Amino acid sequence: MTQNMAIAGAGGGDAAVKDEAAIRRDLAAAYRLTALYGWDDLVFTHISARLPGPDHHFLINPYGLLFEEITASSLVRIDMAGNKLDDSPYPVNPAGFTIHSAVHEVRDDAGCVMHLHTPDGTAVATLAQGLLPLNQTAQLVLADLAYHDYEGVALDHAEKPRLQTDLGTKSTMLLRNHGTLTVGATVAEAFTRMYFLERACTMQVRTLSMAGRPLYDTEQGVIDKNMALGRMAVAPAANHLIWPALLRKLDRVSPGYRE
């Protein structure tokens with residue numbers, strides 16, 4: 001899709017084209033924001049977004065561009081077999097296809113899937129206890145958190161059914177010894193869930209680094225209350241409060257994502 005097509009879609013005409021233009025904009029913004037927050041890993045990791053229509057096509061990053069370089073028109077459309085449907089000079093990361101196609105294949109609510117390899121997220125995913133209810137942020141995440149055991153670099157499509165089963169209906173996951181993953185009906189929801197998951201992981205790494213100091217134990221009733229709140233609070237805040245503010249920020253510091 002060219003920049004001109006995106007602009008035409010945004011101005012009127014075919015509703016599907018208009019939707020694709022908005023999805024491309026939001027997905028490119030998520031890549032730029034990931035770089036801005038320091039969550040990127042050279043050209044590795046990936047964020048995908050499903051496109052409208054019955055074919056389950058989705059967009060993913062061109063393999064070889066830094067996240068800070070990605071634009072709406074550079075995103076690559078692929079099908080559920082991993083075939084490129086855009087005339088892009090860049091390939092698609094095969095491990096990225098395995099993980100993202102696994103989720104898009106079985107989750108009709110997965111408008112966006114986000115996967116990272118951050119130091120703190122991977123550290124907590126490697127800890128036997130996983131994410132602990134040490135603070136408010138973690139407690140808000142825990143009710144929607146799943147785990148998937150490490151099977152090596154995700155090139156084997158035979159892993160997909162196990163990842164799908166482990167994720168189930170949850171929207172947040174720690175990939176053991178590997179990293180973090182979130183799902184959202186929109187790019188805004190997946191990014192917001194990732195923000196809170198990554199922030200909870202960083203808080204845990206910092207807390208546990210204070211060796212020998214006693215920790216304050218939150219009462220289980222308070223933890224349960226926060227977990228219940230976390231189940232219902234993400235989507236409205238993400239779509240109507242957080243994402244518009246993040247786009248305003250990005251328009252100030254990295255406006256080229258819309259191209």
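This tour walks through a predicted model, moving from a group of aromatic rings to the core around them and then to a set of strands.

Begin by selecting Tyr 37 and Trp 39, one of nine aromatic pairs that a search of the whole structure finds; the two rings are stacked, with 5.2 Å from centre to centre and 25 degrees between the planes. Colouring by accessibility separates the partners, since Tyr 37 is partly exposed at 34% relative accessibility, whereas Trp 39 is buried at 10%.

Keep Trp 39 on screen and add Phe 191, whose ring centre lies 5.4 Å from that of Trp 39, with the planes at 35 degrees, so this pair is tilted. Both of these residues are buried. Trp 39 sits in the loop between helix H2 (15–36) and strand S1 (46–50), while Phe 191 belongs to helix H7 (residues 187–208), and the pair therefore ties together parts that are 152 residues apart in sequence. To see the whole cluster linked by ring pairs, select Tyr 37, Trp 39, Phe 191, Tyr 195, Phe 196 and Trp 243.

Next, centre the view on Phe 191 and show what surrounds this residue: leaving aside neighbours within four places in sequence, Phe 191 is in contact with Ala 30, Leu 33, Thr 34, Tyr 37, Trp 39, Met 114, Trp 243 and Leu 246. Phe 191 is also part of the largest nonpolar core, which has 52 residues, and is listed with Tyr 31, Leu 131, Leu 174, Leu 197 and Trp 243 as touching the most other members. Another core, of 14 residues, lies apart from that one and can be found by selecting members including Ala 102, Ala 110, Ala 154 and Leu 167.

From the core, follow Leu 174 into strand S6 (residues 172–175), where both faces are covered: Thr 172 and Leu 174 are buried on one side, and Met 173 and Leu 175 are buried on the other. In a regular strand the side chains alternate between the two faces of the sheet.

Now bring in the strands that pair with S6. Strand S5 (residues 145–148) runs parallel to S6 and is joined to S6 by four bridges, and Tyr 147 has Leu 174 as its bridge partner there. Tracing the chain from S5 through helix H6 (residues 160–167) to S6 shows a β-α-β crossover that is right-handed.

Finish with strand S7 (residues 179–184), which pairs with S6 in the antiparallel sense over four bridges; here Thr 172 is partnered by Thr 182. The hairpin of S6 and S7 has three residues between the strands, and in this hairpin Asn 177 takes a positive phi near 60 degrees.

Conventions: Residues numbered from 1 in each chain as written. Predicted model: local features only at pLDDT ≥ 70, side-chain atom pairs only at ≥ 80, totals over all residues. Heavy atoms only, no water. Phe/Tyr/Trp six-rings, centres within 6.5 Å; stacked < 30°, edge-to-face > 60°. Buried < 20%, exposed > 50% of the residue type's maximum accessible area, 1.4 Å probe, protein only. Helix = DSSP H or I, 4+ residues; strand = E, 2+ residues; numbered from the N terminus. Core = buried A, V, L, I, M, F, W, Y, C linked by side-chain atoms within 4.5 Å. Contact = heavy atoms within 4.5 Å. Pairing = 2+ DSSP bridges. Right-handed = clockwise from strand over helix to strand, strands pointing away.
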